[in-house]
Amino acid sequence: MIKPSAVLLGGLAVAVAVAVSFAFAYSGTSLWLDEAYSVLLARASAGELLTLLKADNGPPLYYALLRGWMALFGDGERAVRALSGVAYLATGGVLFEGGRRLFRSPIAGVLAATLFWISPLAVRHASSARMYALLGLLTAGSVILFLGSTRPGQPSRTRLWTGVGLNTLGLLVQYWFLFVLFAQGVSYLLLWRRRARWPVLVPLLAPLGLFGALWGWVLMAQLGSGSSAWFQPVDWHDLVDTFLDFYGSWITVVAFAFFGWILLFRWSGRPVLRTREELKVVTGAGEGRALLLICLLSVGVPWLISHLQPIYLVGRYTLIALPPFALWLGGALGRAVQPRTAVGLLLPLLGLRLLATHGDQTAWARRDQLESSRASARQLLTQLPPDAHLLYTGLGGVTLGYYLERGGRPWAQHTFPSELTLHPGWYDPRRFAEAALRTEAEALVRSLPPSAQLWHIHEEGDPAARILEETLRRARGPAVGDQPLPGSFHDRAVIYGPAR
């Protein structure tokens, strides 16, 4: 008979293989706006990066890491996304070790890692050149370090200083990491107040001072930049959608109803809640309850804040709630099932997620061949005359410029309104007065060589594009060409000949 440990090891090997395919097999599609913006920031010098981030809403560490990564592996689509793929795989590894140690069960570790790896939310960020996968990794490490510090006995200095360093890095990767620290602090004060050891709070509080000293002055500039003005107000649907987004609506409902049945009734011929220790894990006492609190508070607090100042985006920063959730569920199931049962649960979930991801990515790849900035650049490379000037209204130049540069044939490129050169990662047309836009459009058109062909690339319906179009028609006459050019923040190219 096959040993339980061998069965579990086999299940883990399958989970790792599937996770590797998620991380790297589907990362060759064209970049979207935010990814191209990441590359732009990673290429910038330290001074340029600081200037751009002052007008944005993020910290610098991910872009600094991506810069070093690109120096080693290049700046192609797969290369720039591979950093996130590595972070995604490493998060599963951290959760495996955390589940194994915290719940004293290798089954819990395998389940926690797999439950993270099969999340479509985690998979999306594994192949995205953004900071979210790294945010998930730092969240997992921070939560596990924190829970280890709550155990009897004073936490070691090594653990405390590791926590300080890790949590400082988290704040320098994404501001939402603050909510992870807040949730840990609240859970400690609520669950361990009778035997609280205040050194445990040092890794949660000291990083705030370090972050403030290193980056607080830039954060103050960002708060007045207007870069969050495009965030939408939230309602209770957003909070529900956050948790459904972990595993994809109907899959979430069916799978977790099944998990609940396992936890509440019988499995493998014995009562699940056979011992008091198992009861504590399954019902959420101690570490389990802390994980649930951290999961809920880390997204519940920013959701509440967003009723006053919108900062909430389902499917991005909300990834911070997934590692503690996967760890909690892995620990609960790990105490409820035997190794063979655990593998029996994992294999269908892995298969379903593999099929769903392959289907989604295949459909996206087909569309990407026709409707993307990469496809648009391929089209332009065969049509643009050498003296053409490209006029981008909005943010279309970020992605399209990336691909035209990789095509090796640079053209003169202009951004309208010019203020977008200071914050090429976001665009809020409501910020611009029409009179100022008309004045700038006239100055831009007058500055262009009269003999040059002009290609105006923009989104239909953009009010700023309409103003530039009116100005171009007055100066150059009717357009000589008009063609669809679908991609990231652009869908049309209108062509104007030499000045009359």
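Which residues does Glu77 touch, not counting residues up to four places away in sequence? In this predicted model, the answer is Ser27, Thr29, Ser30, Leu31, Arg374, Tyr402 and Tyr403. Try finding Glu77 in the structure above: this residue belongs to helix H5, which covers residues 77–102. Glu77 has a relative accessible area of 12%, and because that is under 20%, Glu77 counts as buried. One of the residues it touches, Tyr403, also shares a polar contact of 2.9 Å with Glu77, side chain to side chain.

Now let's move to the surface. Here Val16, Val20, Phe24 and Val86 make up a nonpolar patch, and together they have about 260 Å² of accessible area. Helix H1, residues 4–24, supplies the largest share of this patch, with three residues. Phe24 sits in helix H1 and is partly exposed, at a relative accessible area of 30%.

Next come some backbone details. Most residues other than glycine have a negative phi, and most peptide bonds are trans. Arg104 is not a glycine, yet its phi is positive, at about 50 degrees. Look for Arg104 in the loop between H5 and helix H6 (106–117). Arg104 is exposed, because its relative accessible area of 60% is over 50%. Phe489 also has a positive phi, near 65 degrees. Its home is the loop between strand S6 (481–487) and strand S7 (490–496), and Phe489 is partly exposed, with 34% relative accessibility.

Finally, follow the chain from Phe416 to Pro417: the peptide bond there is cis, with omega near -10 degrees. Pro417 lies in the loop that runs between strand S4 (412–416) and helix H20 (434–447).

Note on methods. Residues numbered from 1 in each chain as written. Predicted model: local features only at pLDDT ≥ 70, side-chain atom pairs only at ≥ 80, totals over all residues. Heavy atoms only, no water. Helix = DSSP H or I, 4+ residues; strand = E, 2+ residues; numbered from the N terminus. Buried < 20%, exposed > 50% of the residue type's maximum accessible area, 1.4 Å probe, protein only. Polar contact = N/O pair within 3.5 Å; in protein donor to acceptor, adjacent residues only side chain to side chain. Contact = heavy atoms within 4.5 Å. Patch = residues over 30% accessible without salt bridge, like charges linked within 9 Å, V, L, I, M, F, W, Y side chains within 5 Å. Areas by Shrake-Rupley, 256 points an atom, 1.4 Å probe, with all protein chains shown as cover. Salt bridge = Lys/Arg side-chain N within 4 Å of Asp/Glu carboxyl O.
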